[in-house]
Amino acid sequence: MAFFQKLFHHVNDDTGFKAAPAIETGYFGTVKADPNFNAQNDAAKLKKAIETKGVDEATIIEVLAKRSNAQRQQIKAAYQQSAGKPLADALKKALTSHLEDVVLALLMTPSEYDAFEMKNALKGLGTSENVLSEILGTRTNKEITALKNSFKEVYGEMLEEDIKSDVRGDLETALLALCKATRSEDRNIDDALAKSDAKALFEAGENRIGTVCSVLIDILTNRSEAQLCKIFQYYGQLSKDGLAKDLEGELSGHLEDCLMTLVKAAWNKPAYFAEKLQHAMKGFGTNDDTLIRIIVSRSEIDLLKIMQEYKRMYGKTLQEAVQNETKGDYEKILLVLCGSQ
């Protein structure tokens, strides 16, 4: 099924991609700062938990999953000062498997964690293009700039250069455009521009497929999310399946995944992440990297909204899905990060 056909087929389906509600104010994370926080006390608790025979995983989970990221950075500094070694190194030795992965993710700043995930997606044999698209396609300009700075600081390389080395063609063009962190974030909609862009997309569909890709990439990587929603509404008035027919079988694979990320994130970012979580957990086996990345990276941004969308789209809570797919301390720390049901 082609690009826009997929989009418009699901836009207002009860279990599909409903447009997100108007701008809401408030805090939609599940992890909140501890009001009685004391970095030195937490560092001491962690030191004792690590050195306990058999390791006290419950205390490690209780401390790290119930503190904000800013508080965890203070705990790291306090631990370094009192123990004389990095907290991350001590936890690496004490923990194993996916619990270790979650804990180490929690210890990084948001930009360091994004950089870490991008580096993992780019290194070794093969590239995890979907991870590159997910991160660059859903972060704000400020977050992308911070990610690039952390990437340079931690790995001594420019993110753009790494992408150029590993990715080719239209996907490279789209990812590098997003890397610029210059995409409009204006919430005001330019109605005339939306009509013009919709017409450009429609007319591009009547020409060769190369034109379609360049027009799509230009519009999707430059317009604000609010503007994109208006563009797709106007496009729907022009043709419900004209472009879809032109793109049938032409736009696929990693480029389609990247562009669909931009479209879905514009319509409803929490629903996009809910769908990603479902795909990570359905079928045989679990994509733990995706599960951890989304829960950790969105826990202080919009995980509450993601959980609401997950329940609406799949008829069960995210916690229920996590319980079915994970076990032990790994399950416990993810459930704590999801908050109460």
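## A tour of selected side chains

Select Lys 264 and Glu 275 to begin: their side chains make a polar contact with each other, at 2.7 Å. The model on screen is a predicted one. Now show the backbone around Lys 264, which lies in helix H16, spanning residues 253–281. Is Lys 264 buried or exposed? Its relative accessible area is 16%, and Lys 264 counts as buried because the cut-off for that class is under 20%.

Next come the aromatic rings. The structure has 4 aromatic pairs. For one of them, select Tyr 272 and Phe 273, whose rings meet edge-to-face, with 5.2 Å from centre to centre and 65 degrees between the planes. Colour the two by accessibility: Tyr 272 is buried at 4%, and Phe 273 is buried at 0%.

Then move to Tyr 310 and Tyr 314. The ring centres of Tyr 310 and Tyr 314 are 5.0 Å apart and the planes stand at 50 degrees, so this pair is tilted. Where do Tyr 310 and Tyr 314 sit relative to each other in helix H18? Helix H18 covers residues 303–314, and the two tyrosines are 4 residues apart in it, so about one helical turn separates them. Check their surroundings as well: Tyr 310 is buried, with 0% relative accessibility, whereas Tyr 314 is partly exposed, with 26%.

For the last stop, select Lys 305 and Phe 28. Here the charged end of Lys 305 is placed over the ring of Phe 28, at 4.2 Å from the ring centre.

Note on methods
Residues are numbered from 1 along each chain as its sequence is written. This is a predicted model: local features need pLDDT of at least 70, side-chain atom pairs count only at pLDDT 80 or more; totals for chains, interfaces and linings use all residues. Side-chain values use heavy atoms; hydrogens and water are left out. Buried means under 20% relative accessible area, exposed over 50%, partly exposed in between (1.4 Å probe, protein chains only). A polar contact is a pair of N or O atoms within 3.5 Å; within protein, one must be able to donate a hydrogen and the other to accept it, and residues adjacent in sequence count only if both atoms are side-chain atoms. Rings of Phe, Tyr and Trp (its six-membered ring) pair if their centres lie within 6.5 Å; planes under 30 degrees apart count as stacked, over 60 as edge-to-face and the rest as tilted. A charge sits over a ring if NZ of Lys or CZ of Arg is within 6 Å of the ring centre and within 35 degrees of the ring normal.
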